[in-house]
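Work through the exercises below with the sequence and the 3D structure at hand. Try each task before reading its solution.

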Amino acid sequence: MQREEYNQQKLFDAIASEYDAHYSDPFAAEYRRRFLYNEMFDGIDFSGAHVLEAMCGSGQVTEYLLPKGAEMIGLDISPEMIKIFRKKFPNCAVSCRSILDSGFEHGRFDV
């Protein structure tokens with residue numbers, strides 16, 4: 001693991017619970033839904049799509065796309081963030097690795 005990745009991992013390990021509390025706040029979720037997700041994902045059929053939430057944190061995109069039928073996989077470098085993700089989405093696959101070395105083969109995901 002490169003030094004920058006190590007620093008990133010340690011930072012998000014240290015702030016994981018605060019990160020989740022902030023980004024899972026109902027007002028933050030509504031803001032993302034209204035101004036980001038509706039615009040970004042409008043018209044896309046996610047039914048059965050294999051979707052990678054890279055740098056997933058505590059899974060805000062997963063929370064939005066699961067009800068739309070997406071098959072989500074979370075990827076994050078922070079073991080603490082992965083713990084939160086797993087607790088929130090026990091039926092989703094998850095990988096604790098760097099996005100620079102995810103281990104996923106090319107073409108595995110639809111989105």
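**Exercise 1. How many disulfides does the structure hold?**

Before solving, note that this is a predicted model, in which local features need pLDDT of at least 70 and side-chain atom pairs count only at pLDDT 80 or more, while totals for chains, interfaces and linings use all residues. Residues are numbered from 1 along each chain as its sequence is written, and side-chain values use heavy atoms, with hydrogens and water left out.

Step 1. Take the criterion: a disulfide is a pair of cysteine sulfur atoms within 2.5 Å.
Step 2. Check Cys92: the nearest cysteine sulfur belongs to Cys56 and is 9.6 Å away, and Cys92 is in no disulfide.
Step 3. Check Cys96: its sulfur is 8.9 Å from the closest cysteine sulfur, in Cys56, which is too far for a bond.
Result: the structure holds zero disulfides.

**Exercise 2. Is Cys92 buried or exposed?**

Step 1. Buried means under 20% relative accessible area, exposed over 50%, and partly exposed in between (1.4 Å probe, protein chains only).
Step 2. Cys92 has a relative accessible area of 12%, so Cys92 is buried.
Step 3. For contrast, take Cys96: at 37%, Cys96 is partly exposed.

**Exercise 3. Describe how helix H1 and helix H4 are arranged.**

Step 1. Locate the helices, which are DSSP runs (H or I, at least four residues; strands are E, at least two) numbered from the N terminus. H1 covers residues 3-23 and H4 residues 79-88.
Step 2. Two packed helices are described by the angle between their axes and the distance between the axes. Axes are lines fitted to C-alpha atoms, for helices over the stretch in contact, with angles from 0 to 180 degrees between N-to-C directions.
Step 3. The two axes come within 7 Å and cross at roughly 35°.
Step 4. Contact means heavy atoms within 4.5 Å. Residues making it include Phe12 and Ala16 of H1, and Met81 and Ile84 of H4.

**Exercise 4. Which side chain meets that of Asp20 in a salt bridge?**

Step 1. A salt bridge is a side-chain nitrogen of Lys or Arg within 4 Å of a carboxyl oxygen of Asp or Glu.
Step 2. The partner of Asp20 is Lys88, at 2.9 Å, N to O.
Step 3. Asp20 lies in helix H1 and Lys88 in helix H4, so the pair ties together parts that are 68 residues apart in sequence.
Step 4. Asp20 counts as buried at 17% relative accessibility, whereas Lys88 counts as partly exposed at 29%.
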